[in-house]
Amino acid sequence: MAEIRLARVEQGQAKVKNVPIAVTPEGFWCCPSPVVFHKSLKSQNPLNKAKPSSSPPPPPQKVTIQKKPVQVCERRPAPVPPRSMVSDDQQYVVPARHQGGTSMVTERSERPKIENLPRKVAIEFGEAGTCDMKVVLLGKQGFCVKLSVHRDVLKEKSNFFADKLSVQSDLSCLQIDDCEDVEIYVETVGLMYCKEMKRRLMKQSVPRILRILRVAELLGFTSCIQSCLEYLEAVPWVGDEEEAKVVSTVLRLQGEGVGVNPVLKRVFSDITKAPNDTLSHIIKLVLTSKEEKGRREMKTIVLKLLKENNNVPSHSGSPDICKEMIYRSCRSCLDSLLALFRQAAALELADKSSSNKEPTVKLIALEADNLSWLLEILVNKQAADEFAVIWANQQELAVLHEKLPIVSRYHVSCISARLYVGIGRGELLPSKDTRQLLLQTWLQPLINDFCWLQHGCRSFDDKVVEEGIGRTILTLPLEDQQSIMLSWVGSFLKVGDKCPNLQKAFEVWWRRTFIRPYVEGQGNNNVGSDSSFFDVV
């Protein structure tokens, strides 16, 4: 809480005129609008000085002194700042120069600087003339607000004021120094006089309500805190930043005995159902959807959100549970895909018409797309090594692949291509045997479908796939590299550009096979001759 100081208004201090700002339906003087405070602060800026006037200064005012010697002040109108900088509701008072032993002040005072003017606003709450206490707020920027209030209202609404008045019941003036938010402090005190607080808060923004909530917490204004919480529970929060501010502010009030749960239920659930069960249900809905556009958009959204989840620390054990759930879906899709391939192969043998094959072809494309999506999730979770093992052992699927036309099977080759790209980028690290089996089982089917993928699949990037295949081959022992490269050379010489271009990988293999041994041999010979030379010497 800001520093509290008890003070009484002494005689001789500059008086501040009570300025009525507005009258509410409840019959109390309303706090000034934010414009009043901002205008007053702007008017103190030295950069906003008024233009000097060419007219001579006004004549000095005469003040008659009473018999008893008292302090005499000369009141002069303050210089007018630029237009729209000062509100008509503000009046600045400057103490005059004192001169003892004279009956009249004729000395002309110097024109005060704008930045040295006092910044004061007076506000009266309740019915005019009935206030029995003053509260003086001193802002950190030098802004001063004097509130004329009723001690009974403050004691009833605020625990803070009740504690202060219980110590000194006849206190007439309470000064609060270093107020961080004078404007909201005044508004919060005004809400103590309001009967329908929720209606008064209705048109406020969420950031302003949070400011009111902080001041109400400092003052122990329980009814205002509750009204602010009801407002926050009902109004939408715009953006992640605003939501984070609301949640952090409300969490701080959990131990204050106010009802924060309705607000927090928007972001925290009391349901005992595990989040992984919900995620499993969402993935199942996406995988079984037959509407192409909706399924494609939801796959993009879920994949993006799961990527964000990977950057957030999770509870122990939950990644393994999620991984198991995804792999169950992968196996289910693989079983469906294998059954569809068998069905499509049987239709090809029976030489059925294309109309009979079309439903099966669409289902094959759907299941292959589902597998590609699940593989992408596993790659983002760095858990795709097991998928590479499963896919490398799909020999029956690879055999059936050759029996189907390209238009029915090419979606499956996209899965193989993604695995090669992932291995080439280091996104998954399967064993040597798995990499070798993966190339042995699926490289030739991919080569057969490569031309179709280049021209018939918009998401297929042939350069990236060629680089991934080449890097995967180069991770194998040199003997295995040789057998795969010789097989590729034969295919490339037959079909040319219809085959993946692995020339970069071929050059690396060539240097490893033919140049490196010679260079190393020459180096060993040179080392041997040098050593013999030194022995002779």
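This passage walks through a helix contact, some charged pairs and one unpaired charged residue in a predicted model.

The helix contact comes first. Helix α16, which covers residues 406-425, packs against helix α18, residues 462-474. The angle here is about 65°, and the two axes sit 7 Å apart. As for handedness, α16 goes past α18 in a left-handed crossing. On the α16 side, the residues taking part are A417, Y420, V421, I423, G424 and R425. Facing them from α18 are V464, V465, G468, I469, R471 and T472. Sorted by character, the residues of this contact come out as seven nonpolar, three polar and two charged.

Next come the charged pairs. Side chains of opposite charge can pair when their charged atoms come close. Across the whole structure, a search turns up 19 salt bridges. One of them joins the side chains of R208 and E183, with 2.9 Å from N to O. R208 belongs to helix α6 (residues 206-219) and E183 to helix α4 (residues 182-191), so this pair ties together parts that are 25 residues apart in sequence. Both R208 and E183 are buried.

The pair E196 and R199 also forms a salt bridge, at 2.7 Å from N to O. Here E196 has a relative accessibility of 44%, so it counts as partly exposed. R199 is put down as partly exposed too, because its relative accessibility is 43%.

Helix α18 turns up again with E467 and R471, whose side chains meet in a salt bridge of 2.6 Å, N to O. Both residues lie in α18, four residues apart, or about one turn of the helix. E467 has 41% relative accessibility and so counts as partly exposed. For R471 the value is 42%, so that residue is partly exposed as well. R471 is also among the α18 residues that meet α16. Elsewhere, E376, R418, R425 and E427 are joined into one network by salt bridges that share partners. R425 is one of the α16 residues in the contact with α18.

That leaves a charged residue with no such partner. E367 lies in helix α13, which runs over residues 354-380. This residue is buried, yet has no salt bridge. What is the nearest side chain of opposite charge to E367? That is K290, 6.8 Å away, while a salt bridge needs a nitrogen within 4 Å of a carboxyl oxygen. Setting aside neighbours within four places in sequence, E367 is in contact with C333, S336, L337 and L340.

Key. Residues are numbered from 1 along each chain as its sequence is written. This is a predicted model: local features need pLDDT of at least 70, side-chain atom pairs count only at pLDDT 80 or more; totals for chains, interfaces and linings use all residues. Side-chain values use heavy atoms; hydrogens and water are left out. Axes are lines fitted to C-alpha atoms, for helices over the stretch in contact, and angles run from 0 to 180 degrees between N-to-C directions. Helices (H or I, at least four residues) and strands (E, at least two) are DSSP runs, numbered from the N terminus. A crossing is left-handed if the near helix is turned anticlockwise from the far one by less than a right angle, and right-handed if clockwise. Contact means heavy atoms within 4.5 Å. Ala, Val, Leu, Ile, Met, Phe, Trp, Tyr, Cys and Pro count as nonpolar, Asp, Glu, Lys and Arg as charged, and the others, Gly among them, as polar. Buried means under 20% relative accessible area, exposed over 50%, partly exposed in between (1.4 Å probe, protein chains only). Lys and Arg count as positive and Asp and Glu as negative; His and the chain ends are not counted.
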